[in-house]
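Dear colleague,

I am passing on the structure we spoke about, and below it you will find some notes on side-chain contacts and backbone geometry. Please read them with the structure open beside you.

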Amino acid sequence: MAAKKLYESFSKELIEEVHRWGSMKQTGVSLKYMMEFGSKPTPRNLLISSQFLHKELPMRIARRVIDLQTLPYGLSHKPAVLKVRDWYLDSFRDLRSFPDIKDENDELEFTKMINLVKVRHNNVVPMMALGVQQLKKDLHPKIDYKDLDEIHQFLDRFYMSRIGIRMLIGQHVALHDPNPPPDCVGYIHTKMSPLEVARNATEDARSICLREYGSAPKISDEGGGIPRSGLPKIFTYLYSTARNPLDEHSDLDTIDLATVSTLAGYGYGLPISRLYARYFGGDLQIISMEGYGTDAYLHLSRLGDSQEPLP
């Protein structure tokens with residue numbers, strides 16, 4: 001019934017167009033190309049970029065709409081997933097209704113529009129996590145996580161695609177900054193220090209830990225580690241040892257996801273982090289000692305090591 005109500009708000013022609021665009025082949029863009037192209041954000045280059053996105057983004061978004069409507073175990077019909085699909089349909093309609101981009105004024109209006117699309121999708125990850133939690137409540141407790149591989153594979157594809165879409169939009173929008181930060185080409189920091197990023201992430205984690213629990217370890221994680229029985233599940237989207245912070249929220253229209261604690265409990269922190277690493281040619285590994293703590297090892301690829309097109 002919920003799915004029917006959703007589709008009643010969109011025309012049959014739009015749904016058919018979604019399926020037509022979703023069958024088209026998308027174009028990968030390498031990080032090296034983004035840097036070289038973005039190093040000269042001339043009006044002509046920005047026009048070319050916007051014309052490319054005008055055709056590329058509808059393909060990627062349409063494919064996600066199609067995926068969202070064909071999920072197993074009834075996940076497609078969960079209220080939170082329907083809301084996400086609604087966002088994607090709205091964005092597809094906005095992109096397809098935008099006229100051909102012919103000049104600088106068109107390009108500026110298009111840039112404003114896709115930035116709004118990016119903002120619309122800010123809460124896709126926690127909302128999908130809520131949808132997965134809604135599914136977990138309906139699943140038989142004896143169902144093995146290995147039996148849900150189709151859902152895990154979908155979520156990997158879905159979130160990887162989301163990273164790519166936001167990278168393309170964010171890069172284009174950032175190239176319009178009249179005073180870009182030093183050593184930055186749009187979204188890309190050419191002299192980024194992994195050590196500094198890791199230190200900042202550590203401080204952020206400590207701050208959240210102090211706020212939530214009143215204390216935090218100084219050197220490494222001392223949270224007791226992950227039970228051996230849980231290790232095979234840590235990179236799935238249906239597993240978390242913490243209480244889901246969205247459990248007490250039932251009204252999707254009034255919930256403010258920005259105010260909900262994000263320390264743990266969604267079940268997507270590790271798999272999403274690994275996807276970001278893999279998107280840029282790296283990887284993430286976890287080694288845990290039950291009874292003591294957990295260490296994470298992030299492998300990164302230098303820009304010159306791989307020039308494969310990003311998903």
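Subject of these notes: side-chain contacts

E109 is partly exposed, with a relative accessible area of 42%. Please bear in mind throughout that this is a predicted model.

To stay with E109, its partner is K112, with which it forms a salt bridge whose closest N and O atoms are 3.5 Å apart. Both E109 and K112 belong to helix α6 and are three residues apart, which is about one turn of the helix. K112 counts as exposed, since its relative accessibility is 53% and the cut-off for exposed is over 50%.

The model has 10 salt bridges in total, and two others may be of use to you. One joins the side chains of E17 and R20, at 3.9 Å from N to O, and here again the two residues share a helix, α2 (residues 12–22), where they are three residues apart, about one turn of the helix. R20 is partly exposed, at a relative accessible area of 45%. The other is between D283 and R278, whose closest N and O atoms are 3.1 Å apart; D283 counts as partly exposed at 24% relative accessibility, and R278 is partly exposed as well, with a relative accessible area of 39%. Salt bridges with shared partners also connect E17, R20 and R96 in one network.

Turning to the aromatic residues, the count comes to seven aromatic pairs. In one of them, the ring centres of F98 and F110 are 5.4 Å apart and the ring planes meet at 70°, so the pair is edge-to-face, the cut-off for that class being over 60 degrees. This pair links distant parts of the chain, for F98 sits in the loop between α5 (79–97) and α6 (104–120) while F110 sits in helix α6, 12 residues apart. F98 is buried, with a relative accessible area of 16%, and F110 also counts as buried, at 0% relative accessibility.

A further aromatic pair, Y159 with Y237, is tilted, with 5.4 Å from centre to centre and 40° between the planes. This pair too links distant parts of the chain, since Y159 is in helix α8 (residues 149–174) and Y237 is in the loop between α9 (194–213) and α10 (269–279), 78 residues apart. Y159 counts as buried at 2% relative accessibility, as does Y237 at 3%. Both tyrosines belong to one aromatic cluster, which is formed by Y88, F154, F158, Y159 and Y237.

A ring is also met by a charged side chain: R274 lies over the face of F235, at 3.9 Å from the ring centre.

Finally, there are two residues whose backbone you may wish to look at. Y73 has a positive phi of about 60° although it is not a glycine; Y73 lies in the loop between α4 (43–68) and α5 and is partly exposed, with a relative accessible area of 42%. D183, likewise not a glycine, has a positive phi of about 65°, and its place is in the loop between α8 and β1 (184–185), where D183 counts as partly exposed at 37% relative accessibility.

With best wishes

How values were computed: Residues are numbered from 1 along each chain as its sequence is written. This is a predicted model: local features need pLDDT of at least 70, side-chain atom pairs count only at pLDDT 80 or more; totals for chains, interfaces and linings use all residues. Side-chain values use heavy atoms; hydrogens and water are left out. Rings of Phe, Tyr and Trp (its six-membered ring) pair if their centres lie within 6.5 Å; planes under 30 degrees apart count as stacked, over 60 as edge-to-face and the rest as tilted. Helices (H or I, at least four residues) and strands (E, at least two) are DSSP runs, numbered from the N terminus. Buried means under 20% relative accessible area, exposed over 50%, partly exposed in between (1.4 Å probe, protein chains only). A charge sits over a ring if NZ of Lys or CZ of Arg is within 6 Å of the ring centre and within 35 degrees of the ring normal. A salt bridge is a side-chain nitrogen of Lys or Arg within 4 Å of a carboxyl oxygen of Asp or Glu.
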